[in-house]
Amino acid sequence: MSDFDLDLRTVEEHIDEELEIEGSIVLGMLDGTTPSEEWLEAISKGNVLVLNVEGDVNELASSFARDVKESGGSLVHFRGFLIVTPPGVDVSTDRL
């Protein structure tokens, strides 16, 4: 076997630095009562939105979807929920 020198403390310090995540997961209702500016502000702060859709998702999200996509975020409609992520946070649908 070859000698392998691994300093775990140094590795942990680098992992902590790289995994600093800002924002939260915000649960809400997408029913047309919340102004699109509020959703956009939440996304701009690094939050992920999980919105229960009450109505036509295309109609309800039309006021902010383009802004989210143009900024590099993403939107995924899944089982009655709209998941909206800020730039740099991807939603993997590989297992669906």
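**Exercise 1. Work out the order of helices and strands along the sequence.**

Step 1. Apply the element rule: helices (H or I, at least four residues) and strands (E, at least two) are DSSP runs, numbered from the N terminus.
Step 2. Count the elements: the protein has four helices and four strands.
Step 3. Read along the sequence, these elements give the pattern α-β-α-β-α-α-β-β.

This is a predicted model, in which local features need pLDDT of at least 70, side-chain atom pairs count only at pLDDT 80 or more, and totals for chains, interfaces and linings use all residues. Residues are numbered from 1 along each chain as its sequence is written, and side-chain values use heavy atoms, with hydrogens and water left out.

**Exercise 2. Find which element has the lowest mean pLDDT and which the highest.**

Step 1. Recall that pLDDT is the predictor's confidence in each residue, from 0 to 100.
Step 2. Take the whole protein: the average pLDDT is 87, and 78% of the residues score at least 70.
Step 3. Compare the elements: helix H1 (residues 8-18) has the lowest mean, 62, while E2 has the highest, 98.
Step 4. Where pLDDT is low, the predicted coordinates should not be read in detail.

**Exercise 3. Describe how strands E3 and E4 pair, and what is notable about Arg79 in their hairpin.**

Step 1. Use the pairing rule: two strands pair if DSSP finds at least two bridges between them.
Step 2. Strand E3 (residues 74-78) and strand E4 (residues 81-85) are joined by five bridges in the antiparallel sense. One partnership is that of Val76 with Ile83 in E4.
Step 3. Two residues lie between the strands of this hairpin. Arg79 is placed in the loop between E3 and E4.
Step 4. Arg79 is not a glycine, yet has a positive phi of about 50°.
Step 5. Classify Arg79 by relative accessible area, where buried means under 20%, exposed over 50%, and partly exposed in between (1.4 Å probe, protein chains only). Arg79 counts as exposed because its relative accessibility is 72%.
Step 6. Relate Arg79 to Val53: the two are 26 residues apart along the chain, and their C-alpha atoms are separated by 9.3 Å.

**Exercise 4. Identify the side chains that meet in a salt bridge.**

Step 1. State the rule: a salt bridge is a side-chain nitrogen of Lys or Arg within 4 Å of a carboxyl oxygen of Asp or Glu.
Step 2. By this rule the count is one. The side chains are those of Lys45 and Glu41, at 3.1 Å from N to O.
Step 3. Lys45 is exposed, at 51% relative accessibility, whereas Glu41 is partly exposed, at 42%.

**Exercise 5. Is Asn47 buried or exposed, and what does its side chain reach?**

Step 1. Locate Asn47: this residue lies in the loop between helix H2 (36-44) and strand E2 (48-53).
Step 2. Asn47 counts as buried because its relative accessibility is 11%.
Step 3. The Asn47 side chain reaches the backbone nitrogen of Ser24 at 2.7 Å and the backbone oxygen of Ala42 at 3.0 Å.
Step 4. With contact meaning heavy atoms within 4.5 Å, and residues up to four places away in sequence not counted, Asn47 touches Gly23, Ser24, Val26, Ala42, Val84 and Pro86.

Terms used: Polar contact = N/O pair within 3.5 Å; in protein donor to acceptor, adjacent residues only side chain to side chain.
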